Amino acid sequence: MNFAKIVAIAAAIPKEQISVLDLGFDEDTVRRTMKLTGVEKVRYAPVNRTALDYCLEAAKKLLAQGYVSVDDIDGIIFVTPHPDYVYPGNGSIIQSELGLSKKCIVFDINHSCTGMIYGLYLADLLIMTGQCKNVLVCCGDTASHHLHSDDRALRMVVGDGGVSALVSGGGFVQSQYAFSHDGDGLKWLYTPAGGERIPICPGKTDQEIRDAEDNVRTLENEYMDGMEVMRYVMNEVPALIDEVMEKSGWCKEDIDVYALHQANAFIVKTLQRNMKLPKEKVLYDIDGNGNIGGGSVALALCHAEMNKKLKKRSRVVLAGFGAGMSGAAMSADLSSTELFDVCEI
């Protein structure tokens, strides 16, 4: 079999770092939230920067190493819920900006919290079928642009950024995957207005609504029902992680690193405790960044490598969960994967 391997991963985040204490909310509420979520500072992208900009910076870092020539990349997968244009997707811009081959297969996927794992899965399929030899996977978000300034629930935890990975043939270990999707939970984490179903309508979709927790939003802003999201994660994600370990022939003690979606520290800690995962093998990378969406698993790995926290990484489990409601997990051998220092732009 022509197994895929993740050659390298790079990440880019905004250099602007904001203390949640400076967001203008009641200090007592903020401090209680900080203790629960583990987030004291977040990174917000300037209004003129998009997910594309961060993924592009990360991709340039990969290509500068000369793993493959730009002409040898024959697949592009870009994952974001917030592309630069309604259509076409960001993959077209990546291909143009990097000068990649015009014979590329280009996918754009509207996914958020599970986006990186979906992107790697599709790259894996393209490699194994022989359709592609080298696939660039990009995953990013600038969700802060879509929040109401008085939405405490999301403003104190959301961050921005983007990651890119090069996936090529020649791997020796096959990654395993597991997925879950519950469309009944779509409205637990979504943006109501702006699509075809509820078009933007000044005077209607921009009207402010204050909820029982004193969060303010309009139909044009992102909305999250935190309790329902938490319930979905606890019901679905442990089984996905168990499934990829079983498929890989691994047990919990075999795993070198668990890179879970950095939604907030409470969710990650609860998963770790409920599944009885070794605490020292679970990555925590939420503070100082915020929840950057699907790319958070890759960002956590890059930061851990920067900080020399990864002693071994031949048996790694990645898991994402969130909007959809969607869950995804995968196993990977990252022993030969180059993890770059995170760049700030």
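**An open sheet, an aromatic cluster and a pocket**

With a relative accessibility of just 9%, Tyr-177 falls under the 20% cut-off and so counts as buried. The model is a predicted one, and Tyr-177 is a handy place to start looking around it. Its ring pairs with that of Tyr-121: the ring centres sit 4.9 Å apart and the planes meet at 65 degrees, so this is an edge-to-face pair. The contact ties together distant parts of the chain, since Tyr-121 belongs to helix 4 (residues 115–128) and Tyr-177 to strand 8 (residues 177–181), with the two positions 56 residues apart in numbering. Tyr-121 comes out at 27% relative accessibility, so it is classed as partly exposed. Both tyrosines belong to one aromatic cluster, together with Tyr-118 and Phe-179. Across the structure there are 5 aromatic pairs.

Strand 8 leads on to the sheet. This is an open sheet of 4 strands, in the order 8-15-14-13, and its pairing is mixed. Strand 8 and strand 13 (257–260) are the edge strands, each pairing on one side only. From one strand to the next, the twist averages 10 degrees. Strand 8 runs antiparallel to strand 15 (residues 326–332), with 5 bridges between them, and here Ala-178 faces Ala-329 of strand 15. On its other side, strand 15 pairs with strand 14, again in the antiparallel sense, over 7 bridges; Val-317 stands opposite Ser-331 in this pairing. The hairpin that these two strands make has 3 residues between the strands, and Gly-324 adopts a positive phi near 150 degrees there. The parallel part of the sheet is where strand 13 meets strand 14, through 4 bridges, with Leu-260 bridged to Ala-319.

How much of strand 14 (residues 316–322) is buried? As it turns out, 7 of its 7 residues are, so the strand is largely enclosed by the rest of the structure. Side chains in a regular strand alternate between the two faces of the sheet. In strand 14 both faces are covered, with Val-316, Leu-318, Gly-320 and Gly-322 buried on one side and Val-317, Ala-319 and Phe-321 buried on the other.

Then there is the second largest pocket, with a volume of about 460 Å³. Its lining takes in 20 residues, and those nearest the centre are Glu-280, Leu-283, Ala-304, Lys-309 and Leu-310. Helix 8 (residues 296–306) gives the most to this lining, with 3 residues. Sorted by class, the lining holds 9 nonpolar, 8 charged and 3 polar residues.

Note on methods:
Residues are numbered from 1 along each chain as its sequence is written. This is a predicted model: local features need pLDDT of at least 70, side-chain atom pairs count only at pLDDT 80 or more; totals for chains, interfaces and linings use all residues. Side-chain values use heavy atoms; hydrogens and water are left out. On a 1 Å grid over the protein atoms alone, a cavity is a set of points where a 1.4 Å probe fits but cannot get out, and a pocket is an open set with protein on both sides within 12 Å along at least five of seven lines; lining residues have an atom within 4 Å of a point. Grid points are joined across faces, edges and corners, and a volume is the space filled by probe spheres set on the points. Ala, Val, Leu, Ile, Met, Phe, Trp, Tyr, Cys and Pro count as nonpolar, Asp, Glu, Lys and Arg as charged, and the others, Gly among them, as polar. Rings of Phe, Tyr and Trp (its six-membered ring) pair if their centres lie within 6.5 Å; planes under 30 degrees apart count as stacked, over 60 as edge-to-face and the rest as tilted. Buried means under 20% relative accessible area, exposed over 50%, partly exposed in between (1.4 Å probe, protein chains only). Two strands pair if DSSP finds at least two bridges between them. Axes are lines fitted to C-alpha atoms, for helices over the stretch in contact, and angles run from 0 to 180 degrees between N-to-C directions.
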